[in-house]
Amino acid sequence: MTDPIADYLTRLRNAISANHRVVEVPASNLKKEITKILFEKGYILNYKFVEGETPGGIIKIALKYDPVNKVNAIKSLQRVSRPGLRKYTGYKDMPRVLNGLGIAILSTSRGIMTNKEAKEQKIGGEVLCYIY
């Protein structure tokens, strides 16, 4: 697999379109940090790191649905920086996703964070994905 982050986002996207409640994803440190951000921002209901089943372990993610409408909290997952075309940004020209309603996840020198956190700390980095 050449792009594990794209695989992670595709597994989430496919589980949402199939109305699954839980999705399992092969774990890595980068995917764990992205999952923590999704949980903190309220896009997923819960997550659990399971070690031992595969060499790196797996991440079980409980997707968040509206109880009345059965609509998922995540409307779109978009991969921005790809292995063939990297996208970097400075803190002055930080991307705004859906006019500030969505988030961009960045890989910075201080770890994985959202575009708002990176702008507050005045650091730039590689734009991994947009989520809204």
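Which residues have the most contacts inside the largest nonpolar core? In this predicted model, they are I61, L63, I105 and I131, and the core to which they belong has 26 residues. The points below take up that core, then the salt bridges, a patch of positive charge and two residues with a positive phi.

**The nonpolar core**

- Two or more residues of this core come from each of the elements α1, β1, α2 (29-40), β3 (58-63), β6 (103-108) and β8.
- Helix α1 makes the greatest contribution to the core, since six of the core residues belong to this helix.
- As background, nonpolar side chains in soluble globular proteins tend to be buried together.

**Salt bridges**

- When the whole structure is searched, six salt bridges are found, and three of them are described here, beginning with the pair D7 and R11, whose closest N and O atoms are 3.1 Å apart.
- Because D7 and R11 are four residues apart in helix α1, about one helical turn separates them, and R11 counts as partly exposed, with a relative accessibility of 33%.
- In helix α2, E33 and K36 are three residues apart, which is about one turn of the helix, and their side chains meet in a salt bridge with an N to O distance of 3.6 Å.
- Both partners of this α2 pair count as partly exposed, E33 at 32% relative accessibility and K36 at 30%.
- Another salt bridge joins the side chains of R86 and E126, at 3.1 Å from N to O.
- This pair links distant parts of the chain, 40 residues apart, with R86 in the loop between β4 (77-79) and β5 (88-89) and E126 in strand β8.
- E126 has a relative accessibility of 13% and therefore counts as buried, the cut-off being under 20%, whereas R86 is partly exposed at 42%.

**A positive surface patch**

- K41, R96, K116 and K119 together form a positive patch on the surface.
- One of these residues, K116, lies in helix α3 (residues 115-121) and counts as partly exposed, with 41% relative accessibility.

**Residues with a positive phi**

- Most residues other than glycine have a negative phi, which is the background for the two cases that follow.
- N19 is not a glycine, yet its phi is positive, at about 60 degrees; N19 is placed in the loop between α1 (4-17) and β1 (22-26), where it counts as exposed at 53% relative accessibility.
- K122, also a residue other than glycine, has a positive phi near 60 degrees; K122 is found in the loop between α3 and β8 (125-131), and its relative accessible area of 56% makes it exposed.

Methods. Residues numbered from 1 in each chain as written. Predicted model: local features only at pLDDT ≥ 70, side-chain atom pairs only at ≥ 80, totals over all residues. Heavy atoms only, no water. Patch = residues over 30% accessible without salt bridge, like charges linked within 9 Å, V, L, I, M, F, W, Y side chains within 5 Å. Areas by Shrake-Rupley, 256 points an atom, 1.4 Å probe, with all protein chains shown as cover. Salt bridge = Lys/Arg side-chain N within 4 Å of Asp/Glu carboxyl O. Lys, Arg positive; Asp, Glu negative; His and termini not counted. Charge placed at Lys NZ, Arg CZ, Asp CG, Glu CD. Buried < 20%, exposed > 50% of the residue type's maximum accessible area, 1.4 Å probe, protein only. Core = buried A, V, L, I, M, F, W, Y, C linked by side-chain atoms within 4.5 Å.
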